[in-house]
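Please look through the structure shown here before reading the comments, and keep both the sequence and the 3D view open while doing so.

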Amino acid sequence: MNRSGTLQAVDLWYDWPNGRNFNIIQNQLGTLTYDLEWNNGTSFVYTLDSSRECRVLALEVGILRPDWLDGANYLGQQYMDGFLCNVWEKVEFVWYYEDVISKRPVFWVFYSGYSAHVMTFEVGRVLEDARWQAPVYCFEETGEKKSPLIEYVVNVGLHGRLMRGVMNTTSSL
């Protein structure tokens, strides 16, 4: 995501049939953070390092529906990253660039100023079920532990869940 110049790589896994979305976020020289989202609106943002940080969020909506572009405004075609793209705008929230030929996502711009360049996109690739489980410490009744990293992810909002299939992005935040 490009916002302040911090480099970031995000592996996004989208599994509509099972009602789940998973962002694996690596900031340059920083902590690996996981953002696991469920269709019931529950999200877990956590680390797997010794800090055992976890934040459980209850959001009003679940993961993005496959038909999310219904009702979007088609803005025409434009070249982005060397691809001729169809461009849409949805509720002044996101501008989506899709390759005209393959229909794969190429680029995203969010209302917040974030942008993402899609590096790879693999429809049908599956993340093993065991990886879709938040760690046990996300379910323990201990005092809420907040870290600057987790707060940043939560407050800025990684809206990468707008993907179909599997997406790997390398971008700057």
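The points below take up the charged pairs and then the aromatic rings.

1. The coordinates come from a predicted model, and the comments should be read with that in mind.

2. How many salt bridges does a search of the whole structure find? The search returns 6 salt bridges, and some of them are taken up in the next points. As general background, side chains of opposite charge can pair when their charged atoms come close.

3. A pair to look at is R20 with D15, a salt bridge in which the closest N and O atoms are 2.7 Å apart. Are these two residues buried or exposed? Both R20 and D15 are buried.

4. The salt bridge between E140 and R52, where the N to O distance is 3.4 Å, connects distant parts of the chain, with the two residues 88 residues apart. E140 lies in the loop between β10 (115-122) and α1 (148-156), while R52 sits in the loop between β4 (42-46) and β5 (54-58). E140 has a relative accessibility of 37% and therefore counts as partly exposed, and R52, at 41% relative accessibility, is likewise classed as partly exposed.

5. D67 and R65 also form a salt bridge, and their closest N and O atoms are 3.5 Å apart. The relative accessible area is 36% for D67, which is therefore partly exposed, and 49% for R65, which falls into the partly exposed class as well, because that class extends up to 50%. Elsewhere, salt bridges with shared partners join D15, R20 and D129 into one network.

6. Turning to the aromatic side chains, the structure holds 13 aromatic pairs. One of the pairs consists of F93 and F110, whose ring centres are 6.0 Å apart and whose planes stand at 75°, so the arrangement is edge-to-face. This pair, too, links distant parts of the chain: F93 is in the loop between β7 (83-90) and β8 (94-99), F110 belongs to strand β9 (residues 105-110), and the two are 17 residues apart.

7. Why is F93 described as partly exposed, whereas F110 is described as buried? F93 has a relative accessible area of 22%, and because buried means under 20%, F93 is partly exposed. F110, with a relative accessible area of 3%, is therefore buried.

8. Finally, F93 and F110 can be viewed in a wider setting, since W68, Y74, W88, F93, Y96, W108, F110 and Y111 form one aromatic cluster.

Methods
Residues are numbered from 1 along each chain as its sequence is written. This is a predicted model: local features need pLDDT of at least 70, side-chain atom pairs count only at pLDDT 80 or more; totals for chains, interfaces and linings use all residues. Side-chain values use heavy atoms; hydrogens and water are left out. A salt bridge is a side-chain nitrogen of Lys or Arg within 4 Å of a carboxyl oxygen of Asp or Glu. Buried means under 20% relative accessible area, exposed over 50%, partly exposed in between (1.4 Å probe, protein chains only). Helices (H or I, at least four residues) and strands (E, at least two) are DSSP runs, numbered from the N terminus. Rings of Phe, Tyr and Trp (its six-membered ring) pair if their centres lie within 6.5 Å; planes under 30 degrees apart count as stacked, over 60 as edge-to-face and the rest as tilted.
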